[in-house]
Amino acid sequence: MYRQSIIWTAAMVDYLKDHYKAMSNASLAEHLGISLSCLRKKLHELGLHKCPVTKAMTVADRIRRLYCSHSHSEIARLTGISTRTVSRIVKKYHLVRTADDARQIRSRSRRSIIKREKARVLFGLPQKTNIKVVGNKKRVVLKSILKSFGYLVIPGHNTLYYNEELKRRPIRESNGQKMGLTFQPMSVYLSASVPCSSFT
């Protein structure tokens, strides 16, 4: 079968000479848009002999694959190296992201931070950032505490329900009422939850 020969440009040859020691053949071929056999042939023609693949080369290859879809800190966690090392490798290989890639990474990172901050608020811990994650921290924390005592808390609602057997917390309920919470017996919740058709 006829195979079209590759026309090597000066830029391709320069890139090959600059990176053949640090990059695996597979990554080089992918970057240059050629086959592995074509790459090996050119390396032989130029007299370029690759050293054995090192751990540093493997890490660099992985960073190149992750860079367009992960932040520096995410890459650091996945590869087990520091964010400073990630930044150094990114700079060394002139890695770039598209504006859309960067926007998606920022959005995902922000969602992850907000989730962690909400968890800290629920456990009564101080936030690590200034991001506003809840409208009323004290109310959110109190609802979490009352839930741990056995009150039924419905996400997004400010009415809490209690069973007859539950040991109620009058002081906390009073504090909650000042924050806009209301308390109803479980029977009220159950009667509102059961469809009318159930009684027919």
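Buried means under 20% relative accessible area, exposed means over 50%, and partly exposed sits in between (1.4 Å probe, protein chains only). Keep that handy for the views below. This is a predicted model, where local features need pLDDT of at least 70, side-chain atom pairs count only at pLDDT 80 or more, and totals for chains, interfaces and linings use all residues. Residues are numbered from 1 along each chain as its sequence is written, and side-chain values use heavy atoms, with hydrogens and water left out.

**View 1. The chain as a whole has 10 helices and 3 strands.**
Helices (H or I, at least four residues) and strands (E, at least two) are DSSP runs, numbered from the N terminus. Starting from that end, the order is α-α-α-α-α-α-α-α-β-β-α-β-α. Out of 200 residues in the chain, 31% count as buried. Contact means heavy atoms within 4.5 Å. Take the contacts between residues at least 6 apart in sequence: 44% of them join residues at least 24 apart.

**View 2. Helix α2 (residues 25-32) meets helix α3 (residues 36-46).**
Two packed helices are described by the angle between their axes and the distance between the axes. Here the axes come within 9 Å and cross at roughly 105°. That makes α2 roughly perpendicular to α3. From α2, the contact uses Asn25, Ala26, Leu28, Ala29 and Leu32, and from α3 it uses Leu36, Leu39, Arg40 and Leu43. Sorted by class, that is 7 nonpolar, 1 polar and 1 charged residues. (Axes are lines fitted to C-alpha atoms, for helices over the stretch in contact, and angles run from 0 to 180 degrees between N-to-C directions. Angles under 35 degrees count as roughly parallel, over 145 as roughly antiparallel, 65 to 115 as roughly perpendicular and the rest as oblique. Ala, Val, Leu, Ile, Met, Phe, Trp, Tyr, Cys and Pro count as nonpolar, Asp, Glu, Lys and Arg as charged, and the others, Gly among them, as polar.)

**View 3. Helix α2 has buried residues, and other helices cover them.**
The buried residues in α2 are Asn25, Ser27, Leu28, Ala29 and Leu32. Their cover includes α1, α3 and α4. Just after α2 comes Gly33, with a positive phi near 75°.

**View 4. The largest nonpolar core holds 28 residues.**
A nonpolar core is a set of buried Ala, Val, Leu, Ile, Met, Phe, Trp, Tyr and Cys residues joined through side-chain atoms within 4.5 Å. Which members touch the most others? Look for Trp8, Leu16, Leu32, Ile34, Leu39 and Ile63. Two or more residues come from each of α1 (10-19), α2, α3, α4 (55-66), α5 (72-79) and α6 (83-92). Domain 1 (8-44) and domain 2 (53-91) both contribute residues, so this core lies between them. (Domain bounds come from an automatic or database domain assignment.) Zoom in on Ile34: beyond its neighbours within four places in sequence, Ile34 is in contact with Ile6, Trp8, Met12, Ala29 and Leu39. Apart from this core lies another one, of 9 residues, including Leu160, Tyr162, Leu181 and Phe183.

**View 5. His19 sits in helix α1.**
Is His19 buried or exposed? With 10% relative accessibility, His19 counts as buried. Setting aside neighbours within four places in sequence, its contacts are Leu28 and Tyr93.

**View 6. Asp61 is a buried residue in helix α4.**
The relative accessible area of Asp61 is 7%. Leaving out neighbours within four places in sequence, Asp61 touches Met23, Ser24 and Ser27. Asp61 and Ser24 are 37 residues apart along the chain, yet their C-alpha atoms are separated by 7.3 Å.

**View 7. Ser71 lies in the loop between α4 and α5.**
At 11% relative accessibility, Ser71 counts as buried. Not counting neighbours within four places in sequence, Ser71 is in contact with Arg97, Ile105, Arg108 and Ser109. From Ser71 to Thr83 is 12 residues in sequence and 9.5 Å in space, C-alpha to C-alpha.

**View 8. Two loop residues, His94 and Glu164, are exposed.**
His94 belongs to the loop between α6 and α7 (99-122), and its relative accessible area is 65%. Most residues other than glycine have a negative phi. His94, though, has a positive phi, near 55°. Glu164 is in the loop between β2 (159-162) and α9 (170-178), with a relative accessible area of 80%. Glu164 and Pro185 are 21 residues apart in sequence and 7.3 Å apart in space, C-alpha to C-alpha.
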